[in-house]
Amino acid sequence: MKISARNQIAGKIVAIQPGATTSHISLELPGGTVMMASITNEAVADLGLKIGQQATALIKASDVMIGVE
């Protein structure tokens, strides 16, 4: 598969937390950092995601925001 997204981070799925319409997928990266993605439950089923499976996070964003008080 070829894709234009330049920010690609490979890891292993360590948790899948389904919700009403979306699931939170926790992806453990090399070194132990865990990142989370929210995707539709339909996408989880279509991709056949399972804990322990290798996966790649593709990040396409124009900006990242952080706020504090």
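1. Let's start with a pair of facing residues: glutamine 8 has leucine 58 as its bridge partner in β4. Close by in sequence, isoleucine 9 stands opposite alanine 57 of β4. Both pairs involve strands, and here a strand is a DSSP run of E with at least two residues, while a helix is a run of H or I with at least four, each kind numbered from the N terminus.

2. A word on what you are looking at: this is a predicted model, in which local features need pLDDT of at least 70 and side-chain atom pairs count only at pLDDT 80 or more, while totals for chains, interfaces and linings use all residues. Residues are numbered from 1 along each chain as its sequence is written, and side-chain values use heavy atoms, with hydrogens and water left out.

3. Now step back to the whole chain. The protein chain has one helix and four strands, and from the N terminus on these elements follow the order β-β-β-α-β. Along the principal axes, the C-alpha atoms fill a box of roughly 35 × 30 × 25 Å.

4. How are the strands of the open sheet ordered? The four strands take the order β3-β2-β1-β4, with antiparallel pairing; two strands count as paired if DSSP finds at least two bridges between them. At the edges stand β3 (34-40) and β4 (54-59), each with a single partner strand, so one side of each has no neighbour in the sheet. From one strand to the next, the twist averages 50 degrees (axes are lines fitted to C-alpha atoms, for helices over the stretch in contact, and angles run from 0 to 180 degrees between N-to-C directions).

5. Strand β1 (residues 7-18) deserves a second look. With β4, β1 pairs in the antiparallel sense over six bridges. Six bridges also join β1 to β2, and these two run antiparallel. A hairpin of three residues links β1 to β2, and isoleucine 13 has leucine 27 of β2 as its bridge partner.

6. Is serine 26 buried or exposed? Serine 26, which lies in strand β2 (residues 22-28), is buried, because its relative accessible area is 8%. Buried means under 20% relative accessible area, exposed over 50%, and partly exposed in between, using a 1.4 Å probe and protein chains only. Beyond its neighbours within four places in sequence, serine 26 is in contact (heavy atoms within 4.5 Å) with Lys12, Ile13, Val14, Ala15, Val34, Met35 and Met36.

7. Compare isoleucine 16, placed in strand β1. Isoleucine 16 is partly exposed, because its relative accessible area is 23%. Setting aside neighbours within four places in sequence, the contacts of isoleucine 16 are Ser23, His24, Ile25, Val44, Leu49, Lys50 and Ile51. Isoleucine 16 and serine 26 are ten residues apart along the chain, and their C-alpha atoms are separated by 6.4 Å.

8. Some totals round off the picture. Of the 69 residues in the protein chain, 16% are buried. Among contacts with a separation of 6 or more, 40% come from residues 24 or more positions apart. The accessible surface comes to about 5,500 Å², of which 57% belongs to carbon and sulfur atoms; such areas come from the Shrake-Rupley method with a 1.4 Å probe, and for residues only the protein chains shown count as cover.

9. Finally, the record: an unreviewed UniProt entry carries the annotation "domain: Mop" for residues 2-68. UniProt positions are given in the numbering used here, feature names are shortened, and annotations may be inferred rather than shown by experiment. Over residues 2-68, the chain is 10% helix and 48% strand, with the end C-alpha atoms 38 Å apart.
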